[in-house]
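These are my notebook entries on a structure that I went through step by step. The sequence and the coordinates come first.

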Amino acid sequence: MRTVVIKDCEGIAVPNAIVFDIAQMDVKNCIGCWSCWWKTPGICAFKDLDEFYHQYITADKAIYFSKVTKGFVSGDLKTIFDRMIPLYLPYTTHKTGESMHVPRYDKYPDIEFYYDGEFETDAGRQIFVDYINRVFYQFYSKNVTVKPIAEFMADGGNVA
Amino acid sequence: MNTIILNGSPKGNSQSCNSKIYAEEFIKNMKNPCEIKCIANTDPKELARYVESFDAIIMILPLYIHAMPGIVMKFIERLERTTTEGKYIGFIIQAGFMETAQEKYVERYFADLAKQLNYNYLGTVSKGEAAGTYMFPKMFKKVLGLVADLGVIYEETHAFDKDIVKKLGKPYELSKSQLRLLKLVHMIGLDNVGWHKFLKQNNAFDKRLDKPFLY
Ligand SMILES: Cc1cc2nc3c(=O)[nH]c(=O)nc-3n(C[C@H](O)[C@H](O)[C@H](O)COP(=O)(O)O)c2cc1C
């Protein structure tokens, strides 16, 4: 089983996984140019995530470690979400009764999403969790869990 | 009320930027048009300080993956909770997908964010099926007219007009008959005609289903 880790918080180590540490990456922001749909299908105009795309799309599982900023994912992690668009086709399907992207690949990794940080209210936490679940539903990941980082530690997760 | 408009599209001031069109339309018929600033070409920290001098912030932005673009979140990270009472914040989202239920996740977040920042929440206006605005401005004449009216009424009342918000927000979900029509259009292959023309123009049609990262 191949696991890729997308890390946007400190003090976490996952053995036997390919780790992308957002703090070390300086990922370019999506500029909405649509090259990845209309000019070079599936390929972003920026090359900085090519290795990431390959590892992500060939992995069985992706583990995210996200910090919580202003009750949301950080701008850095949001940019990673935006840059996922090349992994989908430029079409819309309405099969589920709503507008959805169409998958470009046959499978997408399962998601374990851990968040590190406090929310001002329980309602705020729910907004965050619902958002993350929706993103990976839209992204065709089959099994998605969203949990506070304490649960990763409790399950024997490693601290760097 | 001293209001600043923030264009949250990564396309900034480009001619192909829909948010810019909606922003300009929003202030078009105001007696004293608000200043518009682009998040895309401004340092987020400086912009966050700058907006503190205004009574109200209205952000006009595209929907990116059910929420704000990364650059907008980078700006939001820099906003600080205000100790001044009577500040306002509101959002106008335009998006690609047709139904505005796509916006519901971020609408909830924006309402929560306003609380976190101690701003009064003006609300979030959502408009779906807007990606083509810059390509076919004539087809969007009615929509843009509503946005201009929204601006005029905002200047007078410091609020988003409920009727206009409702009109722009339609459809919230796809109805059975809309889905039936979409299915039919798909079956006869009409849904992607325009897109395929694009791909052919770019000599990319044969590559449209490529899986370039499976190696
Ligand atoms: C990376 C990316 C992600 C997007 N995600 C969504 C989405 O989740 N839902 C949607 O309805 N439209 C989505 N869109 C479409 C844009 O919201 C739409 O094209 C908008 O009109 C762009 O506005 P702009 O020209 O001001 O940047 C996305 C576009 C891009 C480039």
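The entries below record what I looked up, chain by chain and then site by site.

**Entry 1. Status of the model.** I note at the outset that this is a predicted model.

**Entry 2. Chain A, overall.** I looked up the secondary structure of chain A and found five helices and seven strands. Read from the N terminus on, the order of these elements is β-β-α-α-β-α-β-β-β-α-β-α. I then checked the radius of gyration: chain A has 16 Å, close to the 15 Å that the globule rule gives for 160 residues, so chain A is as compact as a globular protein of that length. For the extents, I recorded a C-alpha trace of about 45 × 35 × 30 Å along the principal axes of chain A.

**Entry 3. Chain A, a backbone detail.** I asked which value phi takes at K70(A). The angle is near 50 degrees, which is positive although K70(A) is a residue other than glycine. I located K70(A) in the loop that runs between β3 (61-67) and α3 (75-82) of chain A.

**Entry 4. Chain B, overall.** Chain B comes to eight helices and five strands. I wrote down its pattern along the sequence as β-α-β-α-β-α-β-α-β-α-α-α-α. The radius of gyration of chain B is 19 Å; a compact globule of 215 residues would have one near 17 Å, and I therefore enter the two as in agreement. The C-alpha atoms of chain B fill a box of roughly 55 × 45 × 30 Å, taken along the principal axes.

**Entry 5. The ligand site.** Where does the ligand lie with respect to the chains? I found it between chains A and B. I listed 22 residues that surround the ligand, and the closest are S9(B), K11(B), S19(B), Q94(B) and F97(B). By class, the shell holds twelve nonpolar, eight polar and two charged residues.

I next looked up polar contacts to oxygen atoms of the ligand. S9(B) places a polar side-chain atom 2.6 Å from a ligand oxygen. For S19(B) I also recorded a distance of 2.6 Å between a polar side-chain atom and an oxygen atom of the ligand. At H66(B) the partner is a polar backbone atom, 2.9 Å from an oxygen atom of the ligand. As to burial, the ligand taken alone exposes 650 Å², and the protein buries 96% of that area.

**Entry 6. The second largest pocket.** I recorded a volume of about 160 Å³ for the second largest pocket. The residues that line this pocket are T100(B), E107(B), T124(B), V125(B), S126(B), V165(B), K166(B), G169(B), K170(B) and Y172(B). Which element supplies the largest share of the lining? I found that β5(B) does, with three residues. In chain B, β5 (120-127) and α6 (162-168) each give at least two residues to this lining. I sorted the lining by class and obtained three nonpolar, four polar and three charged residues.

**Entry 7. A cis peptide bond in chain B.** I returned to K170(B), one of the residues lining the second largest pocket, to look up its peptide bond. The bond from K170(B) to P171(B) is cis, and omega is near -10 degrees. I placed P171(B) in the loop between α6 and α7 (176-187) of chain B. The helix before this loop, α6 (162-168), is thus entered twice in my notes, as it also supplies at least two residues of the pocket lining.

Conventions
Residues numbered from 1 in each chain as written. Chains lettered and ligands numbered in written order. Predicted model: local features only at pLDDT ≥ 70, side-chain atom pairs only at ≥ 80, totals over all residues. Heavy atoms only, no water. 1 Å grid on protein atoms, 1.4 Å probe; cavity = no way out; pocket = protein on both sides within 12 Å on 5 of 7 lines; lining within 4 Å. Points joined across faces, edges and corners; volume = space filled by probe spheres on them. Helix = DSSP H or I, 4+ residues; strand = E, 2+ residues; numbered from the N terminus. Nonpolar A, V, L, I, M, F, W, Y, C, P; charged D, E, K, R; others polar. Near = heavy atom within 4 Å. Polar contact = N/O pair within 3.5 Å; in protein donor to acceptor, adjacent residues only side chain to side chain. Areas by Shrake-Rupley, 256 points an atom, 1.4 Å probe, with all protein chains shown as cover. Rg over C-alpha atoms; globule rule 2.2 N^0.38 Å.
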